[in-house]
Amino acid sequence: MVTLQLVGSLRKELADSLSACRVLVVGAGGIGCELLKNVVLTGFKNIEVIDLDIIDVSNLNRQFLFQKKHVGKSKAQVAKESVLQFCPTANITAYHDSIMNPDYNVEFFRSFMLVMNALDNRAARNHVNRMCLAADIPLIESGTAGYLGQVTVIKKGLTECYECQPKPTQKTFPGCTIRNTPSEPIHCIVWAKYLFNQLFGEEDADQEVSPDTADPELSWNPADTEARATASDQDGDIKRVSTKDWARSTGYDPVKLFNKLFKDDIQYLLTMDKLWKKRKAPLPLDWLTHQKLVCPQEVTGTGLKDQQVLGVAGYCQLFSRSVETLRSMLADKGDGAELVWDKDDPPAMDFVTAAANLRMYIFSMKMKSRFDIKSMAGNIIPAIATTNAVIAGLIVLEALKILSGDVEQCRTIFLNKQPNPRKKLLVPCALDPPSANCYVCASKPEVTVKLDVHKTLVLALQDKILKEKFGMVAPDVQIEDGKGTILISSEEGETEANNCKFLSDFGIRNGSRLQVDDFLQDYTLLVNVIHCEDLEKDVEFEVVGDAPDKAPTRSQEEGKNVANGNKDSAEPSTSSKAPAEQNDVLIVDSDEEELSSSTMDVRMESGGHKRKLHDAETGEASAKRQRLSQPSADDDDDIIVLD
């Protein structure tokens with residue numbers, strides 16, 4: 001008879017392994033708090049946790065390691081202190097920092113036996129995925145979205161990496177819809193957020209809120225339109241100049257702002273006759289008219305204050321109060337200061353709630369509660385504490401399997417809102433092998449990009465293609481022209497003179513090849529250039545071939561669509577490593593287990609940044625080649641995006 005020695009509920013060998021191993025937890029938010037609690041109570045002793053975020057009062061209803069006295073402090077540091085209170089023997093190191101900081105390089109990741117992600121954003125997830133691939137360290141990825149959740153294991157060469165499958169892009173709306181013809185509440189909410197930036201924040205030409213005279217639906221005589229709008233312009237001495245400049249000239253007078261935005265601009269829209277032939281025309285509001293109403297605080301709905309909907313007069317008053325508060329905040333910051341919109345800032349949220357609802361009323365939409373608008377404006381799926389707790393528990397179970405040497409027993413596990421036909425909420429699926437077309441974990445990552453070499457700037461290649469689309473942090477680009485010409489260098493100042501030049505200035509043409517290295521991520525990507533002069537309007541480049549730049553269609557099985565990514569905070573969370581043991585707590589029918597995770601329409605929240613790990617076998621990291629400062633003739637990616 002073999003005697004199995006147990007330490008608590010674990011085999012002694014496994015318990016000893018937990019005590020000795022070092023694990024990294026990336027993120028100390030919704031999932032991260034539950035995870036830290038779980039790992040120390042399971043027996044992990046050497047834990048490092050990293051999170052850039054600070055504690056906000058809105059975190060306190062689900063991130064139970066934090067209390068009111070902690071508001072404004074580092075999540076990672078407070079989480080460490082709270083955990084040590086019930087497990088003082090643990091050795092925990094906390095970093096109030098971004099996991100994307102170059103200090104956390106491949107060698108840093110190699111010092112852990114396991115990394116566990118409790119992140120809330122796409123860029124950080126992609127980065128940790130690449131770093132774990134480069135370090136050849138197991139990664140447990142996780143995410144929640146309301147009542148839905150997901151946990152999966154990523155192991156280099158054995159499973160799909162985080163970026164093997166394409167991620168859905170954010171929904172986009174044409175600018176003319178936002179400015180001229182909103183038809184859904186979200187259009188009005190986006191307009192209100194843009195209005196906040198135009199008035200109090202950083203002005204962005206792509207976030208204009210005034211009527212769009214370039215609307216493709218329009219067909220009228222501009223001279224007639226201006227004549228008909230003259231009376232509106234003269235009312236309040238409004239000139240159609242920069243929104244912020246005009247607001248400053250009025251001293252941010254709430255009444256003048258109200259009449260311009262909700263009366264004059266709407267009257268101007270009404271002169272665009274063609275827009276309203278098949279639509280219900282908007283109804284301008286007048287400040288004086290609504291101040292005469294005797295019930296400014298009429299309310300519909302029951303429950304908490306934030307879940308109630310005020311009447312039009314109520315939102316008029318809220319608009320006025322919020323403008324006055326924001327005006328004072330701006331003045332306190334001094335000349336040239338700007339405010340940053342934050343869903344957890346009451347005056348900012350009041351302003352967006354009031355402005356969005358007034359615009360909804362104008363365009364005959366049902367107004368929304370502050371709670372609903374906050375969820376939509378913050379691009380948030382409401383966080384559920386229980387979902388976070390379940391997912392954190394599943395992370396530890398997968399970690400125990402890994403530490404037990406049973407990686408082949410790991411699964412992708414989905415938490416569904418409704419039981420599946422077998423009456424199960426937790427559905428495990430077999431891990432998929434790496435995708436041959438992935439340009440992050442393939443042996444020789446390569447991608448083809450279609451662009452106009454005569455119109456694409458070097459800076460656009462760096463920022464929009466390599467960093468935003470392919471998720472690199474500090475790319476170095478060499479032209480394969482036989483000379484080793486350096487087009488982009490990650491060393492500050494080396495190639496900045498190239499930024500405002502076109503790719504064609506360096507001899508890049510149809511068929512040119514660029515070798516791109518990101519030394520921080522230990523990642524090399526070969527980019528094939530296809531010159532194209534007939535890209536669609538407003539499209540600067542396209543990824544072509546097998547690169548997954550479009551998300552697959554949704555699965556027909558409704559319960560299988562799980563968003564990966566808790567949106568508890570706007571700052572990058574981090575991921576952590578945790579050992580795993582074989583555990584049969586989940587009882588699942590064998591035919592369910594045999595499902596492949598790719599058959600489930602799983603969409604991890606993090607985005608479509610494409611990253612490829614540099615070939616670990618060659619170990620080559622291209623040294624800086626000859627830099628080209630003078631081109632020679634011979635030388636060859638919360639929220640909604642508006643177009």
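# A guided tour from strand S3 to the open sheet

Three bridges join strand S3 (residues 22–26) to strand S6, and the two run parallel. Please note that this is a predicted model.

**Stop 1: strand S6.** Select residues 114–117, which make up strand S6. To see how S6 is linked to S3, display Leu24 together with Val115, its bridge partner in S6. In a regular strand the side chains alternate between the two faces of the sheet. Here both faces of S6 are covered: Leu114 and Met116 are buried on one side, and Val115 and Asn117 are buried on the other.

**Stop 2: helix H12.** Move to residues 312–333, the 22 residues of helix H12. From its first C-alpha to its last, H12 reaches 32 Å, close to the 32 Å expected at 1.5 Å a residue. Which residues of H12 are buried? They are Val312, Ala313, Gly314, Tyr315, Cys316, Leu318, Phe319, Ser320, Ser322, Val323, Leu326 and Leu330. To view what covers them, add helix H7 (185–200), helix H10 (254–270), helix H11 (287–291), strand S11 (309–310) and helix H13 (346–362), which are included in that cover. Gly334 follows H12 and has a positive phi, near 95 degrees.

**Stop 3: the H12 and H13 pair.** Two packed helices are described by the angle between their axes and the distance between the axes. For H12 and H13, the axes come within 8 Å and cross at roughly 145 degrees. The crossing of H12 and H13 is left-handed. On the H12 side, select Val312, Tyr315, Cys316, Leu318, Phe319, Ser322, Val323, Thr325, Leu326 and Met329. These meet Pro347, Ala348, Asp350, Phe351, Thr353, Ala354, Ala355, Asn357, Leu358 and Tyr361 of H13. The residues of this contact divide into 15 nonpolar, four polar and one charged.

**Stop 4: the loop after H13.** Continue into the loop between H13 and helix H14 (370–377), where Ser364 is found. Most residues other than glycine have a negative phi. Ser364, although not a glycine, has a positive phi of about 60 degrees. Is Ser364 buried or partly exposed? With a relative accessible area of 43%, Ser364 is partly exposed.

Met365 lies in the loop between H13 and H14 as well. Met365 counts as buried because its relative accessibility is 11%, and buried means under 20%. Leaving aside neighbours within four places in sequence, Met365 is in contact with Pro182, Ser183, Glu184, Pro185, Cys188 and Met360. Display the C-alpha atoms of Met365 and Pro182: they are separated by 9.5 Å, although the two residues are 183 apart along the chain.

**Stop 5: the open sheet.** Now select the six strands that form an open sheet of mixed pairing, in the order S16-S15-S17-S18-S14-S19. Strand S16 (485–488) and strand S19 (541–544) are the edge strands, each pairing on one side only. The twist averages 30 degrees from one strand to the next.

Within this sheet, strand S17 (residues 513–518) and strand S18 (residues 523–531) pair in the antiparallel sense over six bridges. Asp517 has Thr524 in S18 as its bridge partner. In the loop between S17 and S18, select Asp522. Asp522 is not a glycine, yet its phi is positive, about 55 degrees.

**Stop 6: helix H16.** Finally, add residues 458–469, helix H16. H16 lies across strand S14 (446–451), strand S15 (475–479), S16, S17 and S19, and runs at about 70 degrees to S16.

Technical notes: Residues numbered from 1 in each chain as written. Predicted model: local features only at pLDDT ≥ 70, side-chain atom pairs only at ≥ 80, totals over all residues. Heavy atoms only, no water. Pairing = 2+ DSSP bridges. Helix = DSSP H or I, 4+ residues; strand = E, 2+ residues; numbered from the N terminus. Axes fitted to C-alpha atoms, helices over the stretch in contact; angles between N-to-C directions. Contact = heavy atoms within 4.5 Å. Expected span 1.5 Å × (residues − 1). Buried < 20%, exposed > 50% of the residue type's maximum accessible area, 1.4 Å probe, protein only. Left-handed = near helix turned anticlockwise from the far one by under 90°. Nonpolar A, V, L, I, M, F, W, Y, C, P; charged D, E, K, R; others polar.
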